[in-house]
Amino acid sequence: MEVQALLITFREALEALLIVGIITSYLHRVKRPEFTKYVWLGAGLAVAASFGVALLFQVVLTGFAAMGSEMYLKIGIMLISAILLTQMVFWMAKQSRDIKGQVEGKLDQFITAGNVAGMVIHSFLVVLREGVETVFFFAAITGGNIGAAMQGWGAITGIVLAAIVSYFFFKGTMRIPLKTFFKVTGAFIILIAAGLLVQGFSMMQDLNWIGSVMPQLYDLTWLMPEHPIDHEHYVRDTGREPLISGDVGIFLKALFGYSSMPSLEEVLVYVGYFVVLYLLLERRNAQSTVEEKATVEQAGASAAGTPRVNQAAKVAE
């Protein structure tokens, strides 16, 4: 859980800090630093609102637990989180191409109009979005105990790392392009999303919502149990130690959705997720290639047309 919390918090906090950093840097560059305090005001209000959302979410989860419906909510949160995490990676990959230009374009409108409220609201919404997503993902990886994730070392470390990376990025000492940086962190987020998807599907099978053609496709308990309890049962039943401890198994289960005894359907869902993801990435890359080619051709046409215009002007003279 802590490693998952670290990756999620790091990613979400970094996105928020980068956008806020772009805003404040631009304000200093255009010599309007007086607006900076309003940006941080909006960010601060968003952080406070995020804690409020976490508290409200925890109350809702407790209410579902009291009604005996907690399992249904957990499954829903896991499945929705898997979708949101995947969408987040796609969104950030697209935004990282020109996130600076988009933010600065919106700021120009606020500065020209002297729209202080708009600047506060803009920074508030940017940070709040990341905060709400973090709360939702924490609910998914902890099974509903959001407070445990928020107080653990993973969340705190993620925030600290995000602050350090943001600082060095804006100081100009970060040599890694944003696009590459988000690709690497996005790969880990995708693995977490796949794990949540399979865990949610497994819980539905445990509740007999979904049947199984083959409840146990293979058994890797001898290699690495998925839980310390499975480790103890294996030693009790066979008198032998598995090659890798169940502590490692539970770590990989939490991080990547590892299962030592998966059903056929779990394996198909896991593999199918990456197949669909690959097809979506190929489609997006193809669209990007077409758009870039069209842009280059348009630029070439404009450049080719310029001499003709100049020549026509000379003839007219």
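## Salt bridges

A salt bridge is a side-chain nitrogen of Lys or Arg within 4 Å of a carboxyl oxygen of Asp or Glu. In this predicted model, arginine 236 and aspartate 237 meet that definition, because their closest N and O atoms are 3.0 Å apart. Arginine 236 is exposed, at 59% relative accessibility, and aspartate 237 is exposed as well, with a relative accessible area of 56%.

A search of the whole structure finds two salt bridges. Besides the pair just described, glutamate 130 forms a salt bridge with arginine 129, with 2.6 Å between the closest N and O atoms. Glutamate 130 is buried, since its relative accessible area of 2% is under the 20% limit. Arginine 129, by contrast, is partly exposed, with a relative accessible area of 32%.

## Overall architecture

The protein contains eleven helices and zero strands. Its pattern along the sequence is accordingly written α-α-α-α-α-α-α-α-α-α-α. Of its 317 residues, 40% count as buried.

Contacts between residues at least 6 apart in sequence give a view of how the chain folds back on itself. Of these contacts, 79% join residues at least 24 apart. The protein exposes about 17300 Å², and carbon and sulfur atoms supply 67% of that area.

## Helix α1

Helix α1 covers residues 2-29, a run of 28 residues. At 1.5 Å a residue, this helix should span 40 Å, and the 39 Å between its end C-alpha atoms agrees with that expectation. Of the 28 residues of α1, 23 are buried, so the helix is largely enclosed by the rest of the structure.

Just after α1 comes lysine 31, which takes a positive phi of about 60 degrees. Most residues other than glycine have a negative phi.

## Transmembrane annotation

An unreviewed UniProt entry lists residues 6-27, 39-65, 71-90, 110-128, 148-169, 181-201 and 263-281 under "transmembrane region". Two of these listed spans can be compared with the model.

Over residues 71-90 the chain is 100% helix and 0% strand, with 29 Å between the end C-alpha atoms. The span 263-281 is 95% helix and 0% strand, and its end C-alpha atoms lie 28 Å apart.

## A nonpolar patch on the surface

Which residues form a nonpolar patch on the surface? The patch consists of Ile156, Val160, Leu161, Ile164, Tyr167 and Phe168, and together these residues have about 540 Å² of accessible area.

Phenylalanine 168, one of the patch residues, is found in helix α7, which covers residues 153-170. With a relative accessible area of 39%, phenylalanine 168 is partly exposed. This value satisfies the accessibility requirement for a patch, because patch residues must have over 30% relative accessible area.

## Asparagine 208

Where is asparagine 208 placed? Asparagine 208 is in the loop between α8 (178-206) and α9 (228-238). Is this residue, asparagine 208, buried or exposed? Asparagine 208 is exposed, because its relative accessible area of 69% is over the 50% limit.

The backbone of asparagine 208 has a phi near 65 degrees, a positive value in a residue other than glycine.

Methods:
Residues numbered from 1 in each chain as written. Predicted model: local features only at pLDDT ≥ 70, side-chain atom pairs only at ≥ 80, totals over all residues. Heavy atoms only, no water. Buried < 20%, exposed > 50% of the residue type's maximum accessible area, 1.4 Å probe, protein only. Helix = DSSP H or I, 4+ residues; strand = E, 2+ residues; numbered from the N terminus. Contact = heavy atoms within 4.5 Å. Areas by Shrake-Rupley, 256 points an atom, 1.4 Å probe, with all protein chains shown as cover. Expected span 1.5 Å × (residues − 1). Patch = residues over 30% accessible without salt bridge, like charges linked within 9 Å, V, L, I, M, F, W, Y side chains within 5 Å. UniProt positions renumbered as here; feature names shortened; annotations may be inferred.
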